[in-house]
Amino acid sequence: MLRNLNKFVRFSTRGFGLKMSPLPDVKHLPALHSTLEQAKRFAAYRAVDENLDYANHRVIGVGSGSTVIYVAERLGQYLLDPQYSIYASQFVCIPTGFQSKELILTNGLRLGSVEQYPALDIVFDGADEVDENLQLIKGGGGCLFQEKLVSTSAAKFIVVADYRKRSPKYLGTNWVKGVPIEVVPSGYIRVLRDLKTKLKCKNAVLRQGAPAKAGPVVTDNCNFIIDADFGKIERPEILHRDIKMLVGVVETGLFIDNASKAYFGNPDGSVELQV
Ligand SMILES: O=C(CO)[C@H](O)[C@H](O)COP(=O)(O)O
């Protein structure tokens, strides 16, 4: 039976020019250019291996950022392993932005959209900071709204990150650039003003694209991003609600009661799990 299955997989993937190879063993991976990159890869590979139910999961969210690169890489490796390929060829991967769309395609995975698949089995995404209660700041890479749409549409949201993202207690401790907030372009002046006057934000700035682009960063949804510094955030759920009430706000980078688990890679190759 297994021999027939392998024969079928070899036959069915040959047509697409895919070269089959077994899933690389995480203990024997080639070194990367920095220990930080290795930490990200360890976290991502372990998160996928421990949470992907390859025989049952079909609709998989792939987030944005530099750590998720290794999530897409690992999913692509499942596709190339004769043992898993028959299942992995059924995966439909949902991106959270342009970068993740490219990651899905370059790793040979099938691309879908959240409009086609509004209920996901699982999503893997990075974070800018994770507090002790698994509340997150995200949006450092500017993919905020789509990331929240996808992560809140999934049965499980697994965070992949390196050790720098784990907060000792409160959000705003390690990530000091402020809470990213996606806003409608015509409303950004009003939101900047309301953040300072109504919500007593310490500082709020429109994120700029320089040096790559003159003028503001424009998101995949053609919106702007404001970074709002509230210092240490003791009650992220209340702050999220208050920001969301401001006219012009599309979404906040505070991800409340959304993540199921977080994997943090360390430079020594160990990975810490927070649940
Ligand atoms: O929220 C995000 C993008 O908007 C990213 O997931 C977050 O910035 C983490 O990125 P990285 O894995 O590069 O540290």
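Biologist: What makes strand 12 and strand 13 a pair, and which residue of their hairpin takes a positive phi?

Modeller: Two strands pair if DSSP finds at least two bridges between them; strand 12 and strand 13 have 4 bridges, in the antiparallel sense, so the definition is met. Gly265 has Val271 of strand 13 as its bridge partner. The hairpin has 5 residues between the strands, and Gly269 has a positive phi near 95°. This is a predicted model, in which local features need pLDDT of at least 70 and side-chain atom pairs count only at pLDDT 80 or more, whereas totals for chains, interfaces and linings use all residues. Residues are numbered from 1 along each chain as its sequence is written.

Biologist: Which strand does strand 6 join, and in what sense do the two run, parallel or antiparallel?

Modeller: Strand 6 and strand 12 run parallel, joined by 5 bridges. Val159 stands opposite Ala262 of strand 12.

Biologist: Why is strand 12 called largely enclosed?

Modeller: A residue is buried if 20 or more other C-beta atoms, placed from the backbone, lie within 10 Å of its own, exposed if 12 or fewer, and partly exposed in between. In strand 12, 4 of the 5 residues are buried, so the rest of the structure largely encloses this strand.

Biologist: How do you know that the span of helix 2 agrees with its number of residues?

Modeller: The expected span is 1.5 Å times one less than the number of residues. For the 17 residues of helix 2 (residues 35-51) this gives 24 Å, and the end C-alpha atoms are 24 Å apart, which agrees. Among the buried residues of helix 2 are Phe42, Tyr45 and Val48.
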